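Trainee: Please take one part of this model and walk me through it closely. I would like the reasoning as well as the numbers.

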Amino acid sequence: MTLLVMFSCSNEEAEIYEVTEEEVYAEFPEMGKDVMILTNEYRSESYDLNTLEFSQEAYDMALAQCIYMADSKKLEHANFSNRASKLASKVDADAVAENIAAYYTSAEDTFVGWTLSEGHNKNLLGDFTHAAVAVISNSKGEYFYTQVFFKKNVSQLASE
């Protein structure tokens, strides 16, 4: 199997999610859902593409990446190839991609930023079947976003 790996860089109620020695993070699942809604509307209404199904596995990968970025204070796709390979094996995917962002304060601003970036936009409009978006903030109110996409193996889709 060949795995295609792609990536690109660039106030509601929340539950406390993760506690580290240095930081307490709040998770914003509604903001992530809003980005997914915007993504699916953009894909289907503007480009007549399929909508993306939510994936808990993609969400778990996205959330871990958000926590990594907040902890390390680095906006980077750290160890993406390895993380993508693990996800692809778990969900039987042919392709995995990731968009990341930080410091935007709304789902809309994050989404618009991604549409204005060639690499991010390519992922938004890519040949994928599933996705998820995680959003967290730290005690300073800085937000970290990760959107993970994957394309389920075609033979796997046919058997479902």
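Mentor: Here is a close look at one helix, H3, followed by short stops at two other sites. Keep in mind that this is a predicted model.

Start with the length of H3. The helix runs over residues 80–91, twelve residues in all. At 1.5 Å a residue, H3 should span 16 Å. Its end C-alpha atoms are 16 Å apart, so expectation and model agree.

Now the faces. Phe80, Arg83, Ala84, Leu87, Ala88 and Val91 are the buried residues of H3. They lie on the same side of H3, because they cover an arc of only 135 degrees around the axis. The general rule helps here. An α-helix has 3.6 residues a turn, so residues three or four places apart point the same way. The other side of H3 carries exposed residues: Lys86, Ser89 and Lys90. After the helix comes Asp92, with a positive phi near 55 degrees.

Next, Ser55. This residue sits in the loop between strand S4 (53–54) and helix H2 (56–72). Ser55 has a relative accessible area of 3%, so it counts as buried, the cut-off being under 20%. Its side chain makes a polar contact of 3.2 Å with the side chain of Glu57. Leaving aside residues up to four places away in sequence, Ser55 touches His130, Ala131, Ala132 and Phe150.

Last, Gly113. It belongs to helix H4, residues 107–115. Its relative accessibility is 14%, so Gly113 is buried by that cut-off too. Between Gly113 and Ala101 there are 8.7 Å, C-alpha to C-alpha. In sequence, Gly113 and Ala101 are twelve residues apart.

Technical notes. Residues numbered from 1 in each chain as written. Predicted model: local features only at pLDDT ≥ 70, side-chain atom pairs only at ≥ 80, totals over all residues. Heavy atoms only, no water. Helix = DSSP H or I, 4+ residues; strand = E, 2+ residues; numbered from the N terminus. Expected span 1.5 Å × (residues − 1). Buried < 20%, exposed > 50% of the residue type's maximum accessible area, 1.4 Å probe, protein only. Arc of directions from axis to C-beta. Polar contact = N/O pair within 3.5 Å; in protein donor to acceptor, adjacent residues only side chain to side chain. Contact = heavy atoms within 4.5 Å.
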